[in-house]
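Student: I would like a close look at one part of this protein. Please start from a single residue and then set it in its surroundings.

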Amino acid sequence: MEQLYEFFNRKLKHTPTEFFRYQYNQIKWNGRAFGIVGPRGVGKSTMLLQYIKLNLNPADTLYVSADHLYFAEHKLVELADRFVKMGGKHLFIDEIHKYEGWSRELKQIYDSYDDLQLVISGSSILDIYKGLADLSRRMPVYMLQGLSFREYLHLFHQIETPVYDLSEILAHKAVLPIDHPLPLFKEYLRKGYYPFAKDEEYEMELMQVINQTMEVDIPQHIQANISLGRKLKSLLMVIAQSVPFKPVIQKLAEATGIYRNDIPNYLIYMEKAGMIAQLRNATGGIRGLGKVEKLYLDNTNLIYTLVSDRAETGNVRETFFMNQTRVMNEVTSSALSDFEINGKTFEIGGRKKGQKQIESAQEGYIVKDDIESGYASLVYHLHIRYPRLFLLPVADDAEEVGQAIDDGRYAEDNERNFCRFEGVDQNQDASQQEQNRKDIEYARNRTRELPYGNKIHQLADASEHQQCTQHIHQGADKEIGHDNEP
């Protein structure tokens, strides 16, 4: 066992403790037995070692990787027996799926040593869920996904932000401490979902993850010929090159050469392996009983790695939203728009996206990309699992005063932008000036459609920013009749 302890101590010594994944504080670390699963490269091993380093005594703890050469001649049961007899209390087994017959021996260890804490982790989600069937009640399994935008900011740029749940975000409580987050957000979409994105060869490493998952993990799980891996990669590429689409099994079969009756099962395997996501309707939600309405790649980094020159903007936006919100919420398709979460409707789009799709929604929101401030409400920086959603609430029973206040704020934002652009026009090139004018005209036209918007616009004709702001504030307060309105 000496070589195992040397391996353990070496890994522990080089384990960083400056950054912790979102699941770290959600896991019941004192449990007698549990597992952690997730796609390859999301930080499972590091999280286990972090907990050991900060909370346990290395003298009675052992971390091993099941693919270590030690297990070419020794069994897990043998290791556990010897470890317990030496006073061991905490046994962590990483990459458990790489040990043949692991589930049978794991059950034997669990039943034989009541005082031993047993923690496992692995990347082959399919094999682990299958192997833990007999231990499911006694060994809970935690799922670890890739980095959220909040985590990305912390790990890559040392920018720390609080965690907000969806209700807090919709209640205007979320704040992101960055003046201009869009450049960082674009970078995150391309290479920020996996912690190893810091590596210089990130694209190559991510492609290796894809190949290992599609060519080895899934075929081994279903005991299929290795040639199936190539067909599964073809299926993955079809999804990557498409805008979010409703799967037509026959067309997928024709495009990939896979027998049509096998495709639904293969899609489930790919989903559980962290390669794709399937958006289902509300009849069964994300638990798998609902009808599949759309297919996505699991995350935007996969899109840019597989089809970087053909990444479709709408596809990227919807993939991002689906990926981030599903971790803490049940996300289903919407009959009115793109997504539904707990009765709330979400429409995804760019900076000029209108509200037509959510007009009949009881509670609807527009999720906008490429802007830094909302039109009719505050900017929402969603970074628990949502980095930046700009939401425009729809309320059928809004009172007249509330409507006027919203219109005033909307017009104020537009006029502030108008003043700013007017002040710098001479310092910009012709194309930028033209774009600014288009943006201003678009915003003004949208504001005039509001009940109080046109009146408020008439109160803001000055060209200097301070005058604009002062006129708008005074005019809006006078028009609304609430001098102390914030």
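In which helix is threonine 213 found? Please go on from there to the parts around it.

Tutor: A caution first: the model is predicted. Threonine 213 is found in helix H9, which spans residues 202-221. Is threonine 213 buried or exposed? Its relative accessibility is 3%. The cut-off for buried is under 20%, so threonine 213 counts as buried.

Now its contacts. Leaving out residues up to four places away in sequence, threonine 213 touches Arg40, Ile218, Pro219, Ala273 and Met275.

A second threonine can be read in the same way. Threonine 161 lies in a loop, between helix H6 (149-157) and helix H7 (166-170). Threonine 161 counts as buried because its relative accessibility is 11%. Threonine 161 and valine 175 are 14 residues apart in sequence. In space, 8.0 Å lies between their C-alpha atoms.

Turn next to helix H11, residues 249-256. Its buried residues are Leu252, Ala253 and Thr256. Why do they share a side of H11? They cover an arc of only 100° around the axis, and this puts them on the same side. There is a general rule behind such patterns. An α-helix has 3.6 residues a turn, so residues three or four places apart point the same way. The face of H11 turned away from the buried side carries Lys251 and Glu254, both exposed. What covers the buried residues of H11? The cover includes helix H10 (227-240), helix H12 (263-272) and strand E7 (292-297). Just after H11 comes glycine 257, with a positive phi of about 80°.

Strand E7 leads on to its partner. Five of the six residues of E7 are buried, so E7 is largely enclosed by the rest of the structure. E7 pairs with strand E6, residues 276-280, in the antiparallel sense. Five bridges make up this pairing. Within it, alanine 277 stands opposite tyrosine 296 in E7.

Then there is the parallel sheet. Five strands form it, and it is open. Their order is E2-E3-E4-E1-E5. At the edges are strand E2 (61-65) and strand E5 (141-143), each of which pairs on one side only. Neighbouring strands of this sheet are turned by 15° against each other on average, direction ignored. Strand E1, residues 33-37, runs parallel to E5, and three bridges join the two. Valine 37 stands opposite methionine 143 in E5. Helix H4, residues 102-112, packs on the sheet. H4 touches E1 and strand E4 (117-122). The direction of H4 makes about 160° with that of E4.

Last, the whole protein. It has 18 helices and 11 strands. Of its 486 residues, 53% count as buried, threonine 213 being one of the buried ones. Take the contacts with a separation of 6 or more: residues 24 or more positions apart account for 65% of them. The exposed area is about 23,400 Å², and carbon and sulfur atoms supply 46% of it.

Conventions
Residues are numbered from 1 along each chain as its sequence is written. This is a predicted model: local features need pLDDT of at least 70, side-chain atom pairs count only at pLDDT 80 or more; totals for chains, interfaces and linings use all residues. Side-chain values use heavy atoms; hydrogens and water are left out. Buried means under 20% relative accessible area, exposed over 50%, partly exposed in between (1.4 Å probe, protein chains only). Helices (H or I, at least four residues) and strands (E, at least two) are DSSP runs, numbered from the N terminus. The arc is that of the directions from the helix axis to the C-beta atoms. Contact means heavy atoms within 4.5 Å. Two strands pair if DSSP finds at least two bridges between them. Axes are lines fitted to C-alpha atoms, for helices over the stretch in contact, and angles run from 0 to 180 degrees between N-to-C directions. Accessible areas come from the Shrake-Rupley method with a 1.4 Å probe; for residues, only the protein chains shown count as cover.
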